[in-house]
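Work through the exercises below with the sequence and the model at hand. Each task is followed by a solution in steps.

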Amino acid sequence: MEMNLAPEVIAQTLEATLKRLRAACRTQPHPDLQQRLDWLSRLEKITVQHGAEINQAISKDFGHRSAHETELADLSLIASSIKHTRRHLAGWMKPRRAATALQYLPAKNRLLSQPLGVVGIISPWNYPHQLALGPAIAAFAAGNRVMLKPSELTPHYSALLAKLVADYFSEDEMVVITGGADVAKAFSELRFDHLVFTGSTAVGRHVAVAAAKNLTPVTLELGGKSPAIVDVSANIKTAAASLAFGKLLNAGQTCVAPDYVLVPADKRDELVAALVAATGKMYPVLEDNPDYTAIINDHHYQRLQGLLNDAIEQGAQLLPLTSTAQSAGMTAARKQAPVLVLNPTPDMRIMQEEIFGPLLPIVTYQGNVKEAIEFINNRERPLALYWYGTDNGNHDLVLQQTVSGGVTINDCLWHLSQESQPFGGVGASGMGAYHGEWGFRALSKEKPVFYQSSLNGMHLLYPPYGKTFARMLKLLKLIG
Ligand code: NAD
């Protein structure tokens with residue numbers, strides 16, 4: 001959609017698109033397995049046959065985006081999610097048996113999965129293909145139609161996606177709406193049957209309010225500060241390598257990146273040395289290194305400088321993970337050198353805001369895991385939590401006493417790509433979940449159906465109420 005259109009024009013255009021999609025849902029209220037597989041195969045063609053174009057468009061949007069990272073986290077993740085869905089969809093679509101209480105036998109219960117209708121999707125820029133098409137896979141698997149608003153911060157990718165979707169789908173199956181925040185706002189005000197929003201917690205709040213006005217159910221996939229705990233029992237070298245990978249993938253612009261590390265005070269220096277070594281090995285040079293991704297735009301680049309300046313002013317020490325010579329010229333390419341932030345305090349902005357970049361505060365605790373747990377529980381519930389160690393007691397305490405969207409033990413990020421597990425936040429990091437069967441269920445109406453038997457005693461409960469009714473009620477109380 002063109003920029004700078006009057007709000008009424010934006011609203012009318014969006015309404016007309018939604019109306020068209022909804023009319024199509026009415027003519028085909030329960031798409032069969034073949035239809036859903038066909039929709040999935042078209043998403044697959046977009047991803048696989050146009051992977052190179054998508055890769056280039058995303059890199060243009062970032063200034064530079066590692067082609068391997070786009071391959072790993074945008075293209076192949078979506079391709080394997082489609083494969084998983086294709087493999088299991090027939091089973092998910094089958095009516096599910098549910099037990100019938102004794103007093104209702106021989107009647108039976110069945111749970112039917114029904115498409116909701118039109119699913120709206122609002123997606124962010126950081127993994128633009130994964131986060132636009134991931135919810136679309138779930139929506140089509142569940143038999144819905146899709147209206148998608150990708151981020152305005154990835155204009156090349158969003159325009160390409162709009163074109164590819166228009167090439168592969170008819171206008172009453174899936175539509176991509178491009179435009180700025182004004183379009184996104186109007187989009188979130190539409191009366192969808194479900195709205196999946198992936199983005200920041202701040203914008204998520206606006207989306208929840210807009211959706212509430214229509215009683216549109218929402219899945220909110222938000223962000224926040226995801227902690228990594230290095231336990232006293234951890235192998236510091238392997239923990240550091242994993243943290244360096246998880247933090248520097250996409251230059252830290254990852255919703256589940258470890259935001260900060262909690263490490264026992266007497267292990268801090270060993271961890272810092274191991275992080276320096278691991279980073280040097282993964283990124284021997286940074287400037288012109290095709291593996292190292294740029295920061296998406298000047299605003300975010302300046303935001304990261306602001307976090308660092310504030311940390312310095314408040315007494316933190318910065319330890320760049322690269323030599324000055326290595327990082328020379330990186331500013332021009334909008335590449336942010338990775339930096340450890342030592343001695344951070346809770347008042348620093350870097351310990352209050354989601355970092356979303358390659359800056360890693362190292363917070364120390366005295367070695368008692370309860371202190372680390374308390375630090376986490378004094379803050380908003382995180383999207384992800386990471387724990388490194390071998391001590392089963394501490395492992396159990398962390399899992400039982402913290403609440404987060406998901407957890408990876410002895411590594412980071414990888415719980416996100418498990419199609420057999422739900423992915424979603426909790427509290428300020430989101431509500432609802434998707435991926436695999438969870439996405440299918442979230443975007444279906446799970447309709448309970450009670451099949452009465454021709455052999456039943458329900459007529460004994462009909463009025464006029466008298467002795468028969470009283471006897472029946474007594475019996476029901478006895479067995480119910
Ligand atoms: P953002 O919230 O700024 O934007 C996300 C989308 O919301 C964009 O498409 C934008 O156009 C739209 N938008 C902007 N204003 C809007 C409004 N008033 N109403 C409705 N929509 C509006 O987020 P971002 O900067 O694109 O992405 C980064 C954030 O997303 C981080 O906080 C990150 O943690 C989070 N994130 C979460 C996940 C997850 O799966 N939980 C994944 C990726 C990113």
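**Exercise 1. Domains**

Which residue ranges does the domain assignment of the protein give to domain 1 and domain 2?

Solution. The model is a predicted one, in which local features need pLDDT of at least 70 and side-chain atom pairs count only at pLDDT 80 or more, while totals for chains, interfaces and linings use all residues. Residues are numbered from 1 along each chain as its sequence is written, and side-chain values use heavy atoms, with hydrogens and water left out.

Step 1. Domain 1 is given as 7–222 + 431–445, and domain 2 as 227–422; such bounds come from an automatic or database domain assignment.

Step 2. Between the C-alpha centres of domain 1 and domain 2 the distance is 31 Å. To the contact (heavy atoms within 4.5 Å), domain 1 gives 25 residues and domain 2 gives 27 residues.

**Exercise 2. The seven-stranded sheet**

Find the strand order of the open sheet of seven strands.

Solution. Step 1. The order is 10-11-12-9-8-13-14, and the pairing is mixed. Strands (E, at least two residues) and helices (H or I, at least four) are DSSP runs numbered from the N terminus; two strands pair if DSSP finds at least two bridges between them.

Step 2. Strand 10 (317–320) and strand 14 (406–409) each have a single partner strand, so one side of each has no neighbour in the sheet. From one strand to the next, the twist averages 20 degrees.

Step 3. Four bridges join strand 9 and strand 12 in the parallel sense. Pro264 has Tyr365 in strand 12 as its bridge partner.

Step 4. Helix 14 (residues 392–401) packs on the sheet and touches strand 8, strand 13 and strand 14; its direction makes about 170 degrees with that of strand 13. Axes here are lines fitted to C-alpha atoms, for helices over the stretch in contact, and angles run from 0 to 180 degrees between N-to-C directions.

**Exercise 3. Helix 9**

Compare the span of helix 9 with the expected value, then describe its start and its cover.

Solution. Step 1. The expected span is 1.5 Å times one less than the number of residues. For the 13 residues of helix 9 (residues 236–248) this should be 18 Å, and the end C-alpha atoms are 18 Å apart, which agrees.

Step 2. At the start of helix 9, the backbone nitrogen of Lys237 has a side-chain oxygen of Asn235 within 3.0 Å. After the helix comes Asn250, with a positive phi near 55 degrees.

Step 3. The buried residues of helix 9 (under 20% relative accessible area, 1.4 Å probe, protein chains only) include Ile236, Leu243 and Leu248. Among the elements that cover the buried residues are helix 4 (67–93), helix 10 (268–282) and strand 13 (384–388).

**Exercise 4. Ser404**

Is Ser404 buried or exposed?

Solution. Step 1. Ser404 is placed in the loop between helix 14 and strand 14. Its relative accessible area is 16%, so Ser404 is buried.

Step 2. The side chain of Ser404 makes a polar contact (N or O atoms within 3.5 Å, one able to donate a hydrogen and the other to accept it; residues adjacent in sequence count only if both atoms are side-chain atoms) with the backbone oxygen of Gly406 at 3.2 Å.

Step 3. Leaving out residues up to four places away in sequence, Ser404 touches Pro382, Leu383, Ala384, Leu385 and Val426.

How values were computed
Buried < 20%, exposed > 50% of the residue type's maximum accessible area, 1.4 Å probe, protein only.
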